[in-house]
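Work through the exercises below with the model open. Each task is followed by its solution.

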Amino acid sequence: MILSKPSQKEFAEMIVLAALATCFKPNELHLTLDQLMVRGFAPTESYGKQWIADFLARKIIKAELLSGTRLGEDVAKTILIRSPAGANCDIEGFKITLSNKLMRLINSDFQYSLYLKEFIIDIAACECIEYACYYANKSHLSISNASYTYPRLRLLLLECEQKQVFMLIWRAIKHVAGGHSKSVTSVEFVEIIDNALSCYVKYKKKGLEIESYNPPQFMKPSALADFIGYLTVAKENYLDAKILK
């Protein structure tokens, strides 16, 4: 019997489930949606909630309402998400099992390395949104319709290191903020990224070095970013060992 290999979506789901499990402490069976976000499940709240909603809709994870919840109360504070590791709460064992499955796929089929790379871009793009929102807020602007799937943002992340994209976004926000009247309090995300891409093109034409900007201190790696880093290191170690044989 030939077992079908996981699709790209199923491959991503395995990564997300492993990262989700790491948000739970040993013997912790439930967390509210708010607690998951505070513990850094995903780089942006909207991205994290998108995955949780998808998992709940398809019954991949379980949830229940906090006892005594009243109609109209904030769902993020009252819905209890059950640990994907199950009732025994073996978080480390759950993570190792999924990691081994993922590494077998990555090491046996190059297509899964490409899937991993695309997922890394997803997370990096979300981190760019978080960065953009932070610096836009410092310029007294809010950003509308931010999307990690915006092709020009993904193009920048393929062309540059993420810290260089941070610099381009910072410059774009300064340019956009200076070009609007003080009565404007919101800008479209595409305007920021299109401006950042124009800045990148100008730098390249002039042969100028694109500086790298570190993220602000509050931007800590999410559980998803940490787990992807774990997979990336494991992949590199496997390749190094293979070369040395």
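**Exercise 1.** In which sense do β1 and β3 pair, and over how many bridges?

*Solution.* Start from the model, which is predicted. β1 and β3 are antiparallel partners, with 3 bridges between them. Then find a residue pair: His30 faces Arg82 of β3.

**Exercise 2.** Find the strand that β2 is joined to, and count the bridges.

*Solution.* Take β2, residues 63-65. Its bridges, 3 in number, lead to β3, which spans residues 79-82. These two strands run antiparallel. For a residue pair, take Ala63: its bridge partner in β3 is Ile81.

**Exercise 3.** Write down the strand order of the sheet and name its edge strands.

*Solution.* Put the two pairings together. The order is β1-β3-β2, and the sheet of 3 strands is open. The edges are β1 (30-32) and β2 (63-65), since each pairs on one side only. Finish with the twist: from one strand to the next, the average is 35 degrees.

**Exercise 4.** Describe the largest pocket: what is its volume, and which residues lie nearest its centre?

*Solution.* First, the volume: about 290 Å³. Next, the lining, which comprises 15 residues. Nearest the centre lie Ile120, Ile121, Ala124, Gln162 and Ile228.

**Exercise 5.** Which element gives the most to the lining of the largest pocket, and how is the lining made up by class?

*Solution.* List the elements that give two or more residues: α6 (110-138), α7 (151-159) and α10 (223-244). Of the elements, α6 gives the most, with 6 residues. Now sort the lining by class: 9 residues are nonpolar, 3 polar and 3 charged.

Methods: Residues numbered from 1 in each chain as written. Predicted model: local features only at pLDDT ≥ 70, side-chain atom pairs only at ≥ 80, totals over all residues. Heavy atoms only, no water. Pairing = 2+ DSSP bridges. Helix = DSSP H or I, 4+ residues; strand = E, 2+ residues; numbered from the N terminus. Axes fitted to C-alpha atoms, helices over the stretch in contact; angles between N-to-C directions. 1 Å grid on protein atoms, 1.4 Å probe; cavity = no way out; pocket = protein on both sides within 12 Å on 5 of 7 lines; lining within 4 Å. Points joined across faces, edges and corners; volume = space filled by probe spheres on them. Nonpolar A, V, L, I, M, F, W, Y, C, P; charged D, E, K, R; others polar.
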